[in-house]
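Trainee: I would like to learn how to read strands, helices and loops in a model. Can we go through one together?
Mentor: Yes. Here it is.

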Amino acid sequence: MHNFEWPYPLEWDSEETSTADILVLGGGIAGCMAAISSARRGQSVVLVEKAATKMSGAGGSGCDHWESAATNPCSGLSPEELTQAMLDDNDGFNNGISHYIECREGYDRLLDIEGMGGKIRDTEDEFKGAAFRDDESKLMFAYDYRNRITLRIWGTTFKPAMYKEMKRLGVKIIDRVMVSSLLTEDGKQGGLCVGATGIHTRTGKFYVFRAKASIMCLSRPARIWLFSSDYTGLCEFRPPQCIGDGHAMGWRAGAEFTMMEKSVVAEFSAAGRSYPPYGAGNNHNTWYGASIIDSEGKEIPYTDRDGNILRSFEERFLPAKGQKFFLKGGSVDYPKYNYEGPETVPFAKMISQGYKLPFYADLSGMPETERKVIWGMMVGEEGKTKIPVYENYRKAGFDPEKHVLQCYGEGWTSASFLPQERQLFGLPGGFLNNWELQTNIEGLYVAGDSLYASNCYGHAAATGYYAGRHASKYASANGLADIRLEQVSTEKKRVYAPIHNNPENSIGWKELNMGIAKTMQNYCGEIKRDELLKIGLLRLQEYENKIIPETFAYNPHELVRLLEVFDILTVSQIILHSCLARKTSSKALCFNRGDENMYKKGEEMLITIKQINNQVITGERELCFFGDLKENYEKYNRDYKEGTYYDR
């Protein structure tokens, strides 16, 4: 039994309605930029965020590098060249529209954020003369020092700057409210989006939102396969409140999804497997280029894509002979030969060559600027590293000039996972979009992690701003539609049901989340077979029909945790249905069919999935359904003025 008094007023029976031209769902990077974009175009904007917008979201606590800024003044690649490489590297299973927007408008958004007060340059000349710095612009770069498409940034300054700009523009920010459902015209799945509902995470007040256009900017799903009741805040790479609510409510509203069958072997989770990200030695992502030594102090060499040992430190950041550029970043785990960059000798080869475990990241012998930019800027500016890693290690006495950090896994994962322990990392599935970033539901736009094949910070900022631009056009041409009160009433009943149950014979959110994760590991692991997937669906349907009605919450906080797990259950079902729909294996999707001999191998296509009249509808789309990138972008964005950070 709980023996404490809830510190906030309970408002279970209260209801509040907000109306605006534009409703932004989620106050992360994409949501903030969508709100700013819309407000600059004269729209009234309401932004709803589950946490506190000033520092919330996957990138709220920081970011150390901004990928794919192809139009920055030092870039060696065009937006077309870079986006085509992203498509090719993933055999076409990528979002050509959103990544072209990222490549073409990403640097504009960096300048935009700089204008708001974010820091994107080495203005104090701390790294003057470094190989990764352009001394004229004072911009700094990561990975490929020749082509310079990924910038190092001071990301901890970004979210407060966005928050301040929204306040200046008059955006109405509603914090501590979990969005629970989308409202559609006549309450029909697939109908015009007319608003949304939500619940306050501290008081339990119910909210109804009306808008001419809505922009979905919530996080990608998480805690599907991995959950730890002891370390709930470290179950996944993203913050614990980022679990894919948008996918679940979109599914219930009739939105169309694609690539939901894709999952990868887990790369980070504290569910008994790994240390906090970036807090253990490695040479990937934030730590890329770091020297690695074995237990006897022998340095493990870097090689180019052809296996040639790189003799100088500088070669770690340059393309191989005959190679124009290479790809590195959050969505590049297994690059093709054309895009493969310098890397340490593969793990198995290290052991066969006599290198002794354990391995360590050793910054001490690196050039001073390279050491300082990893430890102090990159580790310190990346999400969740400033306090738990950089500040705590520094206070404990860690000195990168003298000390090394042990590696616990292969690369940046800091652990080794079982094949059935999976995550939606890299380029996962999500809402299907058109060139306006509108979904199949009229009036519902999508940006950031809600998009299929979503990526990192720059992708979220660029697509958020773009979606705000197009949603504003739609809102300007359309009026407010009516909300069906019966739909609101039904959602209110669903949301509040757990507080009326008996705690003596009910279960809580942690137990349900654990059961879902175990089911997904058992029936939707590395190898997919129809029989397994169908059993998994039956088990999840049992949870929905028999367990959810018996759940209980003592207070609004526990109720929100339960509603999140209900959404995790919904997303898990979407994944299983999508896996059943894809009949052949796909390397790009990390999708392995164990019963493929039952099926004829067909042409590679996007599998689409949606729900109409509560029936699952699957379909197919050509991988390149978006057509010519440059031609279509310019067709839909004739009024966008490039090269400026403040377009109205």
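Trainee: How many bridges join strand β1 to β9, and do the two run parallel or antiparallel?
Mentor: First, a caution: this is a predicted model. Now the general idea. Strands of a sheet pair through backbone hydrogen bonds, in either the parallel or the antiparallel sense. Here, strand β1 (residues 15–25) runs parallel to β9, and ten bridges join them. For one pair of residues, take Val24: its bridge partner in β9 is Ile215.

Trainee: In what sense do β9 and strand β20 pair?
Mentor: Parallel. β9 and strand β20 (residues 444–446) share three bridges. Met216 stands opposite Val446 in β20.

Trainee: And β8 with β9: in which sense do they pair, and over how many bridges?
Mentor: In the antiparallel sense, over five bridges, with β9 covering residues 206–216. Two residue pairs help you find the register. Thr197 has Val208 in β9 as its bridge partner. Gly195 stands opposite Arg210 in β9.

Trainee: What should I look at in the hairpin of β8 and β9?
Mentor: Look at the turn. Five residues lie between the strands, and among them Gly204 takes a positive phi near 85 degrees.

Trainee: Which strand pairs with β8 over seven bridges?
Mentor: Strand β7 (residues 177–184), in the antiparallel sense. There, Thr184 has Cys193 in β8 as its bridge partner.

Trainee: How many residues of β8 are buried?
Mentor: Eight of its eight residues, so to speak the full run 193–200. β9 is also mostly covered, with nine of its eleven residues buried.

Trainee: What is the strand order in the open sheet that holds β23 and β24?
Mentor: Read across the sheet, not along the chain. The order is β19-β10-β23-β24, four strands with antiparallel pairing. β19 (430–431) and β24 (615–621) are the edge strands; each has a single partner strand, so one side of each has no neighbour in the sheet. Strand β23 (residues 606–612) is joined to β24 by seven bridges, and the two run antiparallel. Within that pair, Lys610 stands opposite Ile617 in β24.

Trainee: Which strands stand at the edges of the sheet β13-β12-β16-β17?
Mentor: Start with the layout: this is an open sheet of four strands in that order, with antiparallel pairing. β13 (299–300) and β17 (405–406) stand at the edges, each with a single partner strand, so one side of each is left without a neighbour in the sheet. Two bridges join strand β16 (residues 360–362) to β17, and these run antiparallel. Ala361 stands opposite Leu405 in β17.

Trainee: Now helices. At what angle do α5 and α14 pack?
Mentor: The general idea first. Two packed helices are described by the angle between their axes and the distance between the axes. Here, helix α5 (residues 245–253) packs against helix α14 (residues 556–581) at about 65 degrees, with the axes 8 Å apart. That makes α5 roughly perpendicular to α14. The crossing of α5 and α14 is left-handed.

Trainee: Which residues meet where α5 and α14 touch?
Mentor: From α5, they are Asp245, His247, Ala248, Trp251 and Arg252. From α14, they are Glu564, Asp567, Thr570, Val571 and Ile574. The residues of this contact divide into four nonpolar, two polar and four charged.

Trainee: How many residues of α5 are buried?
Mentor: Eight of its nine, so α5 is mostly covered. Among the buried ones are Gly246, Met249 and Trp251. After α5 comes Gly254, with a positive phi near 100 degrees.

Trainee: Which strands does α14 lie across?
Mentor: β23 and β24. α14 runs at about 130 degrees to β23.

Trainee: Last, a loop residue. Why does Ser331 count as buried?
Mentor: Compare its accessibility with the cut-off. Buried means under 20% relative accessible area. Ser331 has 18%, so it counts as buried. Ser331 lies in the loop between β14 (302–303) and β15 (343–344).

Trainee: Which residues is Ser331 in contact with, leaving aside its neighbours within four places in sequence?
Mentor: Gly426, Leu427 and Asn455. Also look at Pro428: Ser331 and Pro428 are 97 residues apart in sequence and 9.4 Å apart in space, C-alpha to C-alpha.

How values were computed. Residues are numbered from 1 along each chain as its sequence is written. This is a predicted model: local features need pLDDT of at least 70, side-chain atom pairs count only at pLDDT 80 or more; totals for chains, interfaces and linings use all residues. Side-chain values use heavy atoms; hydrogens and water are left out. Axes are lines fitted to C-alpha atoms, for helices over the stretch in contact, and angles run from 0 to 180 degrees between N-to-C directions. Angles under 35 degrees count as roughly parallel, over 145 as roughly antiparallel, 65 to 115 as roughly perpendicular and the rest as oblique. A crossing is left-handed if the near helix is turned anticlockwise from the far one by less than a right angle, and right-handed if clockwise. Contact means heavy atoms within 4.5 Å. Ala, Val, Leu, Ile, Met, Phe, Trp, Tyr, Cys and Pro count as nonpolar, Asp, Glu, Lys and Arg as charged, and the others, Gly among them, as polar. Buried means under 20% relative accessible area, exposed over 50%, partly exposed in between (1.4 Å probe, protein chains only). Two strands pair if DSSP finds at least two bridges between them.
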